[in-house]
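Hello,

Here is the structure I promised to hand over. Please have a look at it first, and then read on for what turned up.

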Amino acid sequence: MTSSDWPAPESDAANAGQTRRIAVPEGLEGERVDVGLARLLGLSRTQAADLAAAGKVLVQGAQVGKSDRLVAGSWIDIELPQVSPASAEVAPTIGSGMQVVFSDESIVVVDKPAGVAAHPSPGWSGPTVLSELAGAGFRVSTSGASERQGIVHRLDVGTSGLMVVAASEQAYTRLKAAFKTRAVDKTYHALVQGHPDPSKGTIDAPIGRHPRHDWRWAVTASGKDSITHYQTLQAFSGTSLLSIDLETGRTHQIRVHMSAIKHPCVGDLTYGADPTVAERLGLNRQWLHATRLAFQHPLTGESLAFSTDYPADLQQALEVVSA
């Protein structure tokens with residue numbers, strides 16, 4: 001039986017916590033079964049190998065071992081233990097230090113490091129989330145503009161943390177709608193200069209292109225509605241650690257809004273941060289991290305919530321200011 005004759009995969013909703021069927025992407029041609037499953041499902045390689053050894057992995061209907069090789073286009077049936085996706089073990093790090101927190105046929109959730117762009121853009125020659133996922137064999141949706149297929153929201157190159165990428169066309173449509181209707185909870189932590197007064201508040205100010213510098217954004221009368229909620233978690237000498245929730249998702253929104261109230265993110269020289277503070281803390285980017293992401297699974301409707309720790313550079317800077 002060829003892959004084209006094989007029955008179509010059943011939906012996640014019907015198989016949640018039971019058997020999942022996945023087509024092998026071209027990027028995993030020739031990979032070992034345990035390596036391929038680890039990349040496809042966000043499992044550790046040991047977990048994938050154990051499932052194969054227990055006879056819970058079938059390729060084209062036949063049991064395979066952990067060291068057997070995958071063929072692009074073939075179907076894998078894997079019997080998974082009952083486990084909540086949000087608590088699943090983090091997959092091994094892939095290129096450029098990016099981690100896959102969770103993946104299935106509909107979505108891929110990644111913990112993006114600073115220095116990785118969401119997608120290709122003019123003038124950027126470094127790694128992107130899409131290129132890293134493709135290199136590791138992950139399939140993403142073909143929906144959207146050609147250079148950002150599967151991308152439903154973005155993080156700046158210099159901002160680290162959680163992003164979700166659509167893996168299927170249906171997921172892309174539903175996730176785009178969820179972001180548009182503000183049904184996705186996005187929480188960031190930011191270390192800012194000074195002490196915002198009040199310590200908890202909302203910034204409601206439109207954001208548009210900077211009138212003189214087209215690579216920057218600014219609060220402008222003709223900009224798009226932009227709403228940022230912040231709360232001080234801890235105040236230090238000269239800086240404050242904030243928790244920030246976004247109602248809207250404008251480019252550079254947090255950076256622009258914090259700069260507009262005279263409390264730029266530490267290290268954000270583009271938006272007015274003091275370079276001497278950044279140097280003292282050893283930062284070469286803004287102290288801004290997407291620490292939590294929560295939404296309904298676009299296919300099953302299950303409530304998912306993911307969180308991530310601060311990367312080493314931000315943690316080190318925080319230890320310096322709190323000393």
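**What was found**

Let me begin with Glu-247, which is partly exposed because its relative accessible area is 30%, between the 20% and 50% limits of that class. Please keep in mind throughout that this is a predicted model. The partner of Glu-247 is Arg-182, and the two form a salt bridge in which the closest N and O atoms are 3.3 Å apart. This pair links distant parts of the chain, 65 residues apart. Glu-247 sits in the loop between strand 13 (239-246) and helix 6 (253-260), while Arg-182 sits in the loop between helix 5 (169-180) and strand 8 (185-193). Arg-182 counts as partly exposed too, at 43% relative accessibility.

How many salt bridges are there in total? The count comes to eight.

Another of them brings together the side chains of Arg-285 and Asp-313, at 2.9 Å from N to O. Arg-285 belongs to the loop between helix 7 (275-281) and strand 14 (288-296), and Asp-313 belongs to helix 8 (residues 312-322), so this pair ties together parts that lie 28 residues apart in sequence. Here the two partners fall into separate classes: Arg-285 is buried, with a relative accessible area of 6%, whereas Asp-313 is partly exposed at 28%.

You may also like the salt bridge between Arg-32 and Asp-34, where the closest N and O atoms are 3.0 Å apart. Both of these residues are buried.

**Around helix 6**

Which residues are joined into one network by salt bridges that share partners? They are Asp-156, Arg-255 and Asp-268. Arg-255 is one of the buried residues of helix 6, along with Gln-253, Ile-254, Val-256, His-257 and Met-258. Six of the eight residues of this helix are buried, so helix 6 is largely enclosed by the rest of the structure.

Asp-268 is found in the loop between helix 6 and helix 7. Is Asp-268 buried or exposed? Asp-268 is buried, because its relative accessible area of 1% is under the 20% limit. Leaving aside residues up to four places away in sequence, Asp-268 touches Arg-255, Ala-273 and Gln-286.

Lys-262 has its place in that loop between helix 6 and helix 7 as well. Unlike Asp-268, which is buried, Lys-262 is exposed, with a relative accessible area of 68%.

**Backbone details worth a look**

Lys-262 comes up again here, since its phi is near 70°, a positive value in a residue other than glycine. Lys-262 follows helix 6.

Gln-60 is not a glycine either, and it has a positive phi of about 55°. You will find Gln-60 in the loop between strand 2 (57-59) and strand 3 (62-63). Gln-60 is partly exposed, with a relative accessible area of 22%.

Where is there a cis peptide bond? One joins Asp-197 and Pro-198, with omega at about 10°. Pro-198 lies in the loop between strand 8 and strand 9 (200-204).

If you are opening the model for the first time, the pair Glu-247 and Arg-182 is a pleasant place to start, with its link between distant parts of the chain. From there you could move on to the network of Asp-156, Arg-255 and Asp-268.

Enjoy exploring, and best wishes!

Technical notes
Residues are numbered from 1 along each chain as its sequence is written. This is a predicted model: local features need pLDDT of at least 70, side-chain atom pairs count only at pLDDT 80 or more; totals for chains, interfaces and linings use all residues. Side-chain values use heavy atoms; hydrogens and water are left out. A salt bridge is a side-chain nitrogen of Lys or Arg within 4 Å of a carboxyl oxygen of Asp or Glu. Buried means under 20% relative accessible area, exposed over 50%, partly exposed in between (1.4 Å probe, protein chains only). Helices (H or I, at least four residues) and strands (E, at least two) are DSSP runs, numbered from the N terminus. Contact means heavy atoms within 4.5 Å.
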